[in-house]
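Work through the following exercises with the structure open beside you, and try each task before you read its solution.

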Amino acid sequence: MNKREYTYTTPVGSPPVTADVYYPTSVDASSPKPVALLFHPGGFVVSSKDLVSKAVIECLVIELGMVAVVANYRLCPSVSVWEGPVTDAKSCLRWVRDALPGALLSGDERVTIDVERIATIGFSCGGTLALLLAAEEYKPTACLTFYGELYWSDLMWSQPKAALAGLPVVGKDAYNRVYDEGVVVAAPSTRSPTGPDMTKPRNAWLLTSIKEGWWLREIVQDGNYARIDPATLFGPAFPPTAFIHGTADVVCPHSLSEKAHASLREHGVDTALFLVPDKPHDFDAAMTRHDAEFTKVREGLQWLSEKVARK
């Protein structure tokens, strides 16, 4: 498996926004490959393309023969969800369709891609982005979310999180230093063997806002929750969509994926639900594709690959 980084957009006042493109080592240039476009987790505030599960990427590229595009996007709270992550996700989808085919074919890669067969995959908040692209003119062929976030009108998103009650208390002046960072397109994850580093303003801002229940209000900014909620798009024309979710997730309960799956099924949409027993949020982050526990993830990725192949 090979990798190359590209800049897909440079918004005014922002650093370049990049994506990593993974493709098979040996390819037949005469056989166009389907594409999977992936968006990382992080509450729209932290993380980057470097933190997307390598096991998932390897499964897509090595086992399923796809080209994987793993994107960064501008992070909140210096921009709103709509102005940053959603706008950049749309730009990346257009870039994959319009610019990536020529870039891959003209370089040493000599890879051809089929822009009529693009799947979107998202992890946590990245799942929001993957599903929102179903509203675009050239919508994805199929979608897949890992512990995806949606149904923003649900009170759980605006209530304090008991699971985070034990986090250290950080003063407002300290966590608001995140605004001094300006526009950011990548940041370290809050994940750590010893727990999140709350001395970092970005970590402290995100985790305090979720703990106290004001995270969604601050990243949406204009109060228009409906336009960033994929559930408002559900209908008969929605692309085939699958959901992967751990049943021990206390950040984003698996009941949301169950609800979305049931709603799409009622609309007659081809949909699947893969529940992973006793697994928490971000359960796939440390897995390898050779782990026995990767089975459910592989099933979901194979389901997606089959939908794209039928296009």
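**Exercise 1. Find what share of the chain is buried, and describe its overall form.**

Step one: in this predicted model, buried residues make up 57% of the 311 residues in the chain.
Step two: a compact globule with 311 residues would have a radius of gyration near 19 Å, and because the chain has 19 Å, the two agree.
Step three: the C-alpha trace spans about 60 × 40 × 35 Å along its principal axes, while the accessible surface of the chain comes to about 12,600 Å², with 51% of it belonging to carbon and sulfur atoms.
Step four: among the contacts between residues at least 6 apart in sequence, 74% join residues that are at least 24 apart.

**Exercise 2. Trace the order of the strands in the sheet and identify its edges.**

Step one: the secondary structure of the chain comes to 9 helices and 8 strands.
Step two: an open sheet of 8 strands, with mixed pairing, has the order E1-E2-E4-E3-E5-E6-E7-E8.
Step three: the edge strands are E1 (2–9) and E8, each of which pairs on one side only.
Step four: on average, and with direction ignored, neighbouring strands of this sheet are turned by 20 degrees against each other.

**Exercise 3. Follow the pairing from E5 through E6 and E7 to E8, and name the helices in the β-α-β units.**

Step one: E5 (113–123) and E6 pair in the parallel sense over 5 bridges, and Ala-119 has Ala-142 in E6 as its bridge partner.
Step two: helix H4 (residues 125–132) joins with E5 and E6 in a right-handed β-α-β unit.
Step three: E6 and E7 also run parallel, joined by 4 bridges, and here Thr-145 stands opposite Phe-243 in E7.
Step four: strand E7 (residues 241–246) pairs with strand E8 (residues 271–276) in the parallel sense over 6 bridges, where the bridge partner of Gly-246 in E8 is Val-276.
Step five: a right-handed β-α-β unit is made by E7, helix H8 (residues 254–266) and E8.

**Exercise 4. Decide how E6 is covered, and say which helices pack on or lie across the strands.**

Step one: E6 is mostly covered, since 5 of its 5 residues are buried.
Step two: Ala-142, Leu-144 and Phe-146 point one way from E6, whereas Cys-143 and Thr-145 point the other way, and all are buried.
Step three: helix H9 (residues 295–309) lies across E3, E5, E6, E7 and E8, and runs at about 165 degrees to E6.
Step four: H8 packs on the sheet and touches E7 and E8, its direction making about 160 degrees with that of E8.

**Exercise 5. Locate Val-170, and determine whether Val-170 is buried or exposed.**

Step one: Val-170 is found in the loop between strand E6 (142–146) and helix H5 (172–175).
Step two: the relative accessible area of Val-170 is 16%, and because buried means under 20%, Val-170 counts as buried.
Step three: leaving aside residues up to four places away in sequence, Val-170 touches Tyr-175, Met-198, Ala-204 and Thr-208.
Step four: one of these contacts is with Ala-204, and Val-170 and Ala-204 are 34 residues apart in sequence, yet 6.7 Å apart in space, C-alpha to C-alpha.

Definitions and conventions. Residues are numbered from 1 along each chain as its sequence is written. This is a predicted model: local features need pLDDT of at least 70, side-chain atom pairs count only at pLDDT 80 or more; totals for chains, interfaces and linings use all residues. Side-chain values use heavy atoms; hydrogens and water are left out. Two strands pair if DSSP finds at least two bridges between them. Helices (H or I, at least four residues) and strands (E, at least two) are DSSP runs, numbered from the N terminus. A crossover is right-handed if, with the strands pointing away from the viewer, the path from the first strand over the helix to the second runs clockwise. The radius of gyration is taken over C-alpha atoms; the globule rule is 2.2 Å times the number of residues to the power 0.38. Buried means under 20% relative accessible area, exposed over 50%, partly exposed in between (1.4 Å probe, protein chains only). Contact means heavy atoms within 4.5 Å. Accessible areas come from the Shrake-Rupley method with a 1.4 Å probe; for residues, only the protein chains shown count as cover. Axes are lines fitted to C-alpha atoms, for helices over the stretch in contact, and angles run from 0 to 180 degrees between N-to-C directions.
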